[in-house]
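Please study the structure shown below before attempting the exercises. Each task is followed by a worked solution.

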Amino acid sequence: MINAQDFSTIDAALDAAEQAGASAVWFPGGIYDTAGFRLRSGIDLRADGNALIRWTGGPGTVIDSAHSGILRDAGISGIDIESRDATTAIAWRSSLECELRDVTVRTDSPAQVVLDMCCNADGAANEWGNRNNAYNNVDGLRQRGRCGSLLRLSGLGPPNGPQSAVTTLNSFCNINGAGVCGTGIDFASWADSNHFDGITHLYLIADNAVGMDYNSGAPTENMGVYANSFDHLAVDAFGSFAGRIGLRLNKSGSLRIDHYYNSPVAEGGDLIISPLAAGYKIQHIDPATGEYRLIDPAWMRGYLFEFAVGADKMMIVDKAGNTIQRGIAQVGAGLDTGTAGLELGGWRTGNGYAYIDLIGDTTYGDYGFRVIRNPGPNGHTQLLHRGSGDMALQAQDTGRVTLRDGDGVVRVAVSKAGAGFNGMSPTRPIVSGGTVKDAMLRAALAQLGLIINA
């Protein structure tokens, strides 16, 4: 281990540790001024919590990594960073199995990125032949002051990837940004399969600030942002801010947030979803108001679908038959005008069945009634009923049950007054007279309910 106090600069201490084959540089309590330095593979920066690395430069990066090749097995632990008006506090470029633990960054720039995880295009690759930013662990990252982004994740993608220059398979725990002016967590591009354990907490302190922006690099294109997950994501605001956004979901593969909290709702914090976004699950019930945020129906895909608006509003059952929520489903409730709908199967790219099953007893545990759309562009649609009871189409009041052709022309109409065909109103005419054979025909037609036999 090398003692940082024994050298004139942090870079000199790191050079000495690299030459000596040391695994760590120790920072005793004190202030360490720097105009920027570079991390080295295999070397940790360690302190007992009383050491402060203080930025003395202008625009630039306080703690950087090489702009080509791989950074491996580097670490930062127990150190405070005063990054002031730097462009970036910490940059991990194509890092592999690195660790950041118990670090507080004090910022004073509404545009600064606290932790920038990105990928190099040049230099040596790792043993898998790629320059991914992968298998890194961040546990306990705190930001205080003003910053643009707490965390930015990006890769290069084609022609360098997607498998060779991606920010992927990283783990984050206990993340707190307490002064976000821009985007708290920015999934910019080619960032997938990253997991946030514990609580990720973001405080927004400026107009138009965004808690998390998903696939911000090209919102309408496929930029390899998918399969990221959060255990608990909370977005708060100090004061009323115009244009504040809790989450912005652009075109993406998938996102899972098991508990999402956005407060105060009265001060903005919209949730904006692109119609191109697909395959995400966000659930939260505010314990105080029972207010429901969002779950995308596309998350069903044959798996668990959870949905709740307030208390006892809906009942959803998963494939195993487990009841998730009870009550009455309301789609578009409270809308004065406009169209409301519920779509099943809209995420499909191929031909397959789309159906709704209703289960009303234990005799037919799979379904008692099914609405089914058969596959293919011209597949037929069926209503399937099981059991010895009736399948009834019934107009309860004075309306009619009608069968119409492709032009909307009524071909059959049934009401309490009788039946009508080819546009005729449902009536039962009174018919009398005729021969004996006519009388037999009148009796048969009357038995069908088509006439009144006089």
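The exercises below move from the whole chain to one sheet and then to one residue.

**Exercise 1. Describe the overall make-up of the chain.**

Step 1. The model is a predicted one.
Step 2. Counting the secondary structure elements gives two helices and 39 strands.
Step 3. Of the 454 residues in the chain, 41% are buried.
Step 4. The chain exposes about 22,800 Å², and carbon and sulfur atoms supply 51% of that area.
Step 5. Consider the contacts between residues at least 6 apart in sequence: 61% of these join residues at least 24 apart.

**Exercise 2. Determine the strand order of the sheet that contains β33, and identify its edge strands.**

Step 1. The three strands form an open sheet in the order β32-β33-β34, with antiparallel pairing.
Step 2. Strands β32 (354–358) and β34 (381–385) each pair on one side only, and they are the edge strands.
Step 3. From one strand to the next, the twist averages 10°.
Step 4. Strand β33 (residues 369–373) is joined to β34 by five bridges, and the two run antiparallel.
Step 5. Across from Leu 384 in β34 stands Arg 370.

**Exercise 3. Decide whether Arg 442 is buried or exposed, and describe its surroundings.**

Step 1. Arg 442 lies in helix α2, which spans residues 436–447.
Step 2. The relative accessible area of Arg 442 is 13%. Buried means under 20%, so Arg 442 is buried.
Step 3. Leaving aside residues up to four places away in sequence, Arg 442 touches Val 431, Ser 432, Gly 433, Gly 434, Ile 451 and Asn 453.
Step 4. With Asn 453, the side chain of Arg 442 also makes a side-chain polar contact of 2.9 Å.

Conventions. Residues numbered from 1 in each chain as written. Predicted model: local features only at pLDDT ≥ 70, side-chain atom pairs only at ≥ 80, totals over all residues. Heavy atoms only, no water. Helix = DSSP H or I, 4+ residues; strand = E, 2+ residues; numbered from the N terminus. Buried < 20%, exposed > 50% of the residue type's maximum accessible area, 1.4 Å probe, protein only. Polar contact = N/O pair within 3.5 Å; in protein donor to acceptor, adjacent residues only side chain to side chain. Contact = heavy atoms within 4.5 Å. Areas by Shrake-Rupley, 256 points an atom, 1.4 Å probe, with all protein chains shown as cover. Pairing = 2+ DSSP bridges. Axes fitted to C-alpha atoms, helices over the stretch in contact; angles between N-to-C directions.
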